[in-house]
Amino acid sequence: MARVGDKAANDGQSWQPIHAAITGAILTHDLLPGTKLPEDELAALFSVSRTVVRAALQALAHDRIVQLEKNRGAFVAQPSKKEAKEVFEARALIEPKVAAMAANNARPSDIVRLKRCLAEEEEAVHQQKRGEALLLSARFHESIAEIANHTVYFDIVRNLCAKSSLIIALYSARVDIFCERHAHDALVEAIANKSAHDAEELMLSHIVDLFSGIDARERPASTRDLAEILGRHVVRVASA
């Protein structure tokens with residue numbers, strides 16, 4: 001199995017390759033929610049110290065991809081079905097109103113910004129960079145909230161998008177679960193036309209559609225060991 005020890009040593013035993021490999025394995029559902037991530041196994045697999053592994057796990061925990069439990073170690077995050085439902089219910093209540101406010105407030109420069117977000121998202125999808133596409137989809141929604149010019153709503157939307165991005169990454173039931181381009185195109189058009197009603201209706205439909213692609217049922221534990229699960233992701237990072 002390819003290792004990334006040489007690469008890590010050359011850049012001061014960076015934790016980024018570990019972060020990238022684990023994130024990639026989660027986004028492709030090779031690493032399932034609740035999977036344990038032992039420091040010693042990761043250190044051996046990546047040929048780095050446990051200190052470097054610990055830094056990677058801390059970064060993953062900051063991204064809410066991994067949960068760190070005292071005296072138990074690190075695990076792939078496992079949002080409950082109830083939490084997933086509540087997150088999307090909150091988005092369905094708040095984001096349609098935010099979209100309507102954005103339509104009323106948007107300036108030409110804001111529309112340019114949103115279209116730039118769409119172009120970046122489409123490129124990430126085209127290159128099959130699933131993690132980046134999810135991030136850009138969340139950023140698009142946050143940009144709409146920023147255009148709405150409501151500080152409290154913006155903070156709420158940003159928090160909800162962070163949570164739902166993880167839920168989508170872990171529990172998507174279809175490959176196109178991240179925000180569809182046509183849905184975002186329609187939202188930008190409604191906002192550009194200052195059609196608050198259309199923007200509100202489109203956003204509600206979009207959030208409902210996103211949640212319809214979530215399958216938060218528990219998965220059976222994988223019978224493969226961690227080295228086998230992460231193997232192809234380590235190879236990809238090592239050759240990057």
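Contact here means heavy atoms within 4.5 Å. Helices (H or I, at least four residues) and strands (E, at least two) are DSSP runs, numbered from the N terminus. This is a predicted model, in which local features need pLDDT of at least 70, side-chain atom pairs count only at pLDDT 80 or more, and totals for chains, interfaces and linings use all residues. Residues are numbered from 1 along each chain as its sequence is written, and side-chain values use heavy atoms, with hydrogens and water left out.

**View 1. The whole protein chain holds eleven helices and two strands.** Along the sequence, the elements run α-α-α-α-β-β-α-α-α-α-α-α-α. The protein chain has 240 residues, and 48% of them count as buried. Buried means under 20% relative accessible area, exposed means over 50%, and partly exposed lies in between (1.4 Å probe, protein chains only). Take the contacts in the protein chain with a separation of 6 or more: residues 24 or more positions apart account for 78% of them.

**View 2. The largest nonpolar core has 69 residues.** Ile22, Leu31, Leu37, Leu42, Ile144, Ile191 and Leu230 have the most contacts inside this core. The core lies between domain 1 (16–78 + 226–231) and domain 2 (81–212), because both give residues to it. The domain bounds come from an automatic or database domain assignment. A nonpolar core is a set of buried Ala, Val, Leu, Ile, Met, Phe, Trp, Tyr and Cys residues joined through side-chain atoms within 4.5 Å. In soluble globular proteins, nonpolar side chains tend to be buried together.

**View 3. Leu31 and its partners, leaving aside neighbours within four places in sequence.** Leu31 is in contact with Ile22, Ala25, Ile26 and Leu37. Its other partners are Val76, Leu226, Ile229 and Leu230. Ile22, Leu37 and Leu230 are also listed with Leu31 among the core residues with the most contacts.

**View 4. Pro38 sits in the loop between helix H2 (16–27) and helix H3 (39–46).** Pro38 has 17% relative accessibility, so it counts as buried. Ala74 is 36 residues away from Pro38 in sequence, yet the C-alpha to C-alpha distance is 6.8 Å.

**View 5. Helix H7 (residues 130–148) packs with helix H8 (residues 151–171).** The angle is about 160 degrees, and the axes are 9 Å apart. H7 and H8 are therefore roughly antiparallel to each other. Axes are lines fitted to C-alpha atoms, for helices over the stretch in contact, and angles run from 0 to 180 degrees between N-to-C directions. Roughly antiparallel applies to angles over 145 degrees. The crossing of H7 and H8 is right-handed. A crossing is right-handed if the near helix is turned clockwise from the far one by less than a right angle, and left-handed if anticlockwise. H7 contributes Arg130, Leu134, Ala138, His141, Glu142, Ala145 and Glu146. They meet Phe154, Val157, Arg158, Cys161, Ser165, Ile168 and Ala169 in H8.

**View 6. Ile168 in helix H8, and Asn149 in the loop between H7 and H8.** Ile168 counts as buried, at 4% relative accessibility. Ile168 and Leu134 are 34 residues apart in sequence, with 8.3 Å between their C-alpha atoms. Asn149 counts as exposed, at 65% relative accessibility. Its phi is near 65 degrees, a positive value in a residue other than glycine.

**View 7. Helix H6 (residues 108–126) packs with helix H9 (residues 181–192).** The angle is about 175 degrees, with the axes 10 Å apart. H6 and H9 are therefore roughly antiparallel to each other. From H6, Ile111, Leu114, Lys115, Leu118, Glu121 and Glu122 make the contact. From H9 come Arg181, His184, Asp185, Val188, Ile191 and Ala192. Val125 also belongs to helix H6. Val125 counts as partly exposed, at 35% relative accessibility. Val125 and Arg181 are 56 residues apart in sequence and 9.5 Å apart in space, C-alpha to C-alpha.

**View 8. H9 crosses helix H10 (residues 196–212) at roughly 165 degrees.** The two axes come within 8 Å. H9 is thus roughly antiparallel to H10. The crossing of H9 and H10 is left-handed. On the H9 side, Ala183, His184, Ala186, Leu187, Ala190 and Ile191 make the contact. On the H10 side, Asp198, Ala199, Leu202, Met203 and His206 do so. Lys194 lies in the loop between H9 and H10. Phi of Lys194 is near 55 degrees, a positive value in a residue other than glycine. At 45% relative accessibility, Lys194 counts as partly exposed.

Note on methods
Angles under 35 degrees count as roughly parallel, over 145 as roughly antiparallel, 65 to 115 as roughly perpendicular and the rest as oblique.
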